[in-house]
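Thank you all for coming. I would like to take a few minutes to walk through one model, going from rings to strands and then to two single residues.

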Amino acid sequence: QVQLVESGGGSVQAGGSLRLSCQASGRILSINAMGWYRQAPGKQRELVALITRSGSTNYADSVKGRFTISRDNVKNTAYLQMNSLKPEDTAVYYCNAEVATTTWDIRPYWGQGTQVTVSS
């Protein structure tokens, strides 16, 4: 099986920074795209940032210029550097990874989520 474990969430004042990490472990052949999603109370889960294995990135308009996604393919880890945080960034942040455990078994996996709270 595959596990994704997030860390780095917490509480910060507006304008502050946090860095989230997501490490994948288990029976992993390779990892394709990795992404960060978030879900605020009463809202649907939304994509925050995505990074391909080769390093191409995509961001939600609301975080462009403030958040940076990166990954370490050797460590099977993705990161989300969040700067200039706003109260509206408050949410549970989830890591997602498309993992190949064999050449024919490729599926998405989710982490358990980490809370980010930004106070004004």
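**Rings, strands and two residues**

Let me begin with a charge and a ring: the charged end of Arg45 sits over the ring of Tyr94, 3.7 Å from its centre, where sitting over a ring means that NZ of Lys or CZ of Arg is within 6 Å of the ring centre and within 35 degrees of the ring normal. Before I go on, please keep in mind that this is a predicted model, in which local features need pLDDT of at least 70 and side-chain atom pairs count only at pLDDT 80 or more, while totals for chains, interfaces and linings use all residues. Residues are numbered from 1 along each chain as its sequence is written, and side-chain values use heavy atoms, with hydrogens and water left out.

Tyr94 belongs to S9 and stands opposite Tyr37. The strands here are DSSP runs of E of at least two residues, numbered from the N terminus, and two of them pair if DSSP finds at least two bridges between them. S4 pairs with strand S9 (residues 91–100) in the antiparallel sense over eight bridges, and S4 also pairs with strand S5 (residues 46–51), again antiparallel, over five bridges. On that S5 side, Glu46 is the bridge partner of Arg38, and in the hairpin of S4 and S5, with six residues between the strands, Gly42 takes a positive phi near 80°.

How many aromatic pairs are there? The count comes to one, taking rings of Phe, Tyr and Trp (its six-membered ring) as paired if their centres lie within 6.5 Å, with planes under 30 degrees apart called stacked, over 60 edge-to-face and the rest tilted. The pair is Tyr37 with Trp110, edge-to-face, at 5.0 Å centre to centre and 65° between the planes. Because Tyr37 lies in strand S4 (residues 30–39) and Trp110 in strand S10 (residues 106–110), the pair ties together parts that are 73 residues apart in sequence.

Now to Arg19, in strand S3 (residues 18–26), whose charged end sits over the ring of Tyr79, 4.1 Å from its centre. Is Arg19 buried or exposed? Arg19 is partly exposed, at 45% relative accessibility, given that buried means under 20% relative accessible area, exposed over 50% and partly exposed in between (1.4 Å probe, protein chains only).

Finally, Thr77, in strand S8 (residues 77–82), counts as buried at 5% relative accessibility. Its contacts (heavy atoms within 4.5 Å), leaving out residues up to four places away in sequence, include Cys22, Met34 and Asp72.

Terms used. Helix = DSSP H or I, 4+ residues; strand = E, 2+ residues; numbered from the N terminus.
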